[in-house]
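Please look through the sequence and the model shown here before reading on. The report is meant for someone who has not met this structure before.

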Amino acid sequence: MTDAYEELAEIDVRAAINLMLRNPSYEPSAGRLRAETLLRKHNSLVNTMARIVVANDNGSLRTVSGGTHHASGWYPSVKVGRTQHYESLHQLALIERCETDPNVVHYQSEARRFEFILRRKERYTSDVDILDADGRLAVVEVKGDDADLRDPEYRLKLAGVAEICRRVGHEFRITFGSEIFENSRHRFNVRLASSMRRTAISSSQKRLVESLRSKGDDMRLGEFAELMAPGNFVQGRAITFAMLVRRIVSLDLTQPLIDEMPVSFI
């Protein structure tokens, strides 16, 4: 462990995580997770590596807003149905991407706290947990750039979190601010769609989508928006974006928002 630890100051932390604390004899398994009540009953059978804490309501663990040296606040999510807390603009950007990404089924900011011992007692709270359409859970740490990872003690902590996640079958991922969006168009489209997430969708519009889905044909953005709000292009697009957030339809927000953009049904 010592040699790998000393290397942490010299190499990319995402590569360093693969060097730290990893015992290949431990295969990933969700069965390694145990509630504390069960640990008390089976204490002689379980070797506790870490404690993972979630909020009673499965919301954000950290809820302080304001009074800090960095941006912080709240983002009311339509997809998740609860307000998301953020502590940096990069974290907010990732939340907005999750809100508008049809491949993201569920996400939660500040959702999970890891408590474990390496050189000392460590505590780490995840920035965003993301559940994708394939059922995979990613625990994501958001940073501005690699300068935020210069502290070797912090790198060691992240390595510990990565190993805990690996053993219970989760993915641990570090995302830099420059990696959240594919390009400036993607960032603009995500923020536009996010701003329209609360647009109301009527029962008749939902029934129309069900009818279109049953026919099995994909559509184009221009014609779909016209069907949703005949004669009102702006409202039709707003409804389309609201359906994107609710995972009714799917759009590729990395592409230009032209009338010929494909719209598919989820």
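The text below moves from the chain as a whole to its strands, and ends with two residues in loops.

**The chain as a whole**

This is a predicted model, and the protein chain in it has nine helices and 12 strands. Of the 266 residues in the protein chain, 46% are buried, and the accessible surface comes to about 14,100 Å², with 48% of that surface belonging to carbon and sulfur atoms. When contacts in the protein chain between residues at least 6 apart in sequence are considered, 61% of them join residues at least 24 apart.

The confidence of the prediction varies along the chain. The average pLDDT of the protein chain is 87, and 84% of the residues score at least 70. Among the elements, helix α6 (residues 184-195) has the highest mean pLDDT, at 98, while helix α1 (residues 2-7) has the lowest, at 48. Over residues 1-5 the pLDDT stays under 50, and for this stretch the model has nine contacts beyond four places in sequence.

**Strand β8 and its partners**

Strand β8 (residues 137-143) is mostly covered, since seven of its seven residues are buried. The cover extends to both faces of β8: L137, V139, E141 and K143 are buried on one side, and A138, V140 and V142 are buried on the other.

Which strands pair with β8, and in what sense? Strand β7 (residues 128-132) pairs with β8 in the antiparallel sense over four bridges, whereas strand β9 (residues 171-176) runs parallel to β8 and is joined to it by six bridges. The connection from β8 to β9 passes through helix α5 (residues 152-167), and this β-α-β crossover is right-handed. On the other connection, β7 and β8 form a hairpin with four residues between them, and G135 in the turn has a positive phi of about 85°.

**A sheet of three strands**

An open sheet holds three strands in the order β10-β12-β11, with antiparallel pairing. Its edge strands are β10 (219-220) and β11 (249-250), each of which pairs on one side only. The pairing of β11 with strand β12 (residues 262-265) is antiparallel and rests on two bridges.

Individual bridge partners from the pairings described above are set out here.

| Residue | Bridge partner | Strand of the partner |
|---|---|---|
| I130 | A138 | β8 |
| V139 | F172 | β9 |
| S250 | S264 | β12 |

**Two residues with positive phi**

Most residues other than glycine have a negative phi. Against that background, two loop residues deserve a look.

N58 is a residue other than glycine, yet its phi is near 65°, a positive value. N58 is placed in the loop between β1 (51-53) and β2 (73-76). Is N58 buried or exposed? With a relative accessible area of 51%, N58 is exposed.

R247 is likewise not a glycine, and its phi is positive, at about 60°. The loop that holds R247 lies between α9 (233-245) and β11, the latter being one of the edge strands of the open sheet. R247 has a relative accessible area of 24% and is therefore partly exposed.

Notes: Residues numbered from 1 in each chain as written. Predicted model: local features only at pLDDT ≥ 70, side-chain atom pairs only at ≥ 80, totals over all residues. Heavy atoms only, no water. Buried < 20%, exposed > 50% of the residue type's maximum accessible area, 1.4 Å probe, protein only. Contact = heavy atoms within 4.5 Å. Areas by Shrake-Rupley, 256 points an atom, 1.4 Å probe, with all protein chains shown as cover. pLDDT = per-residue confidence, 0-100. Pairing = 2+ DSSP bridges. Right-handed = clockwise from strand over helix to strand, strands pointing away.
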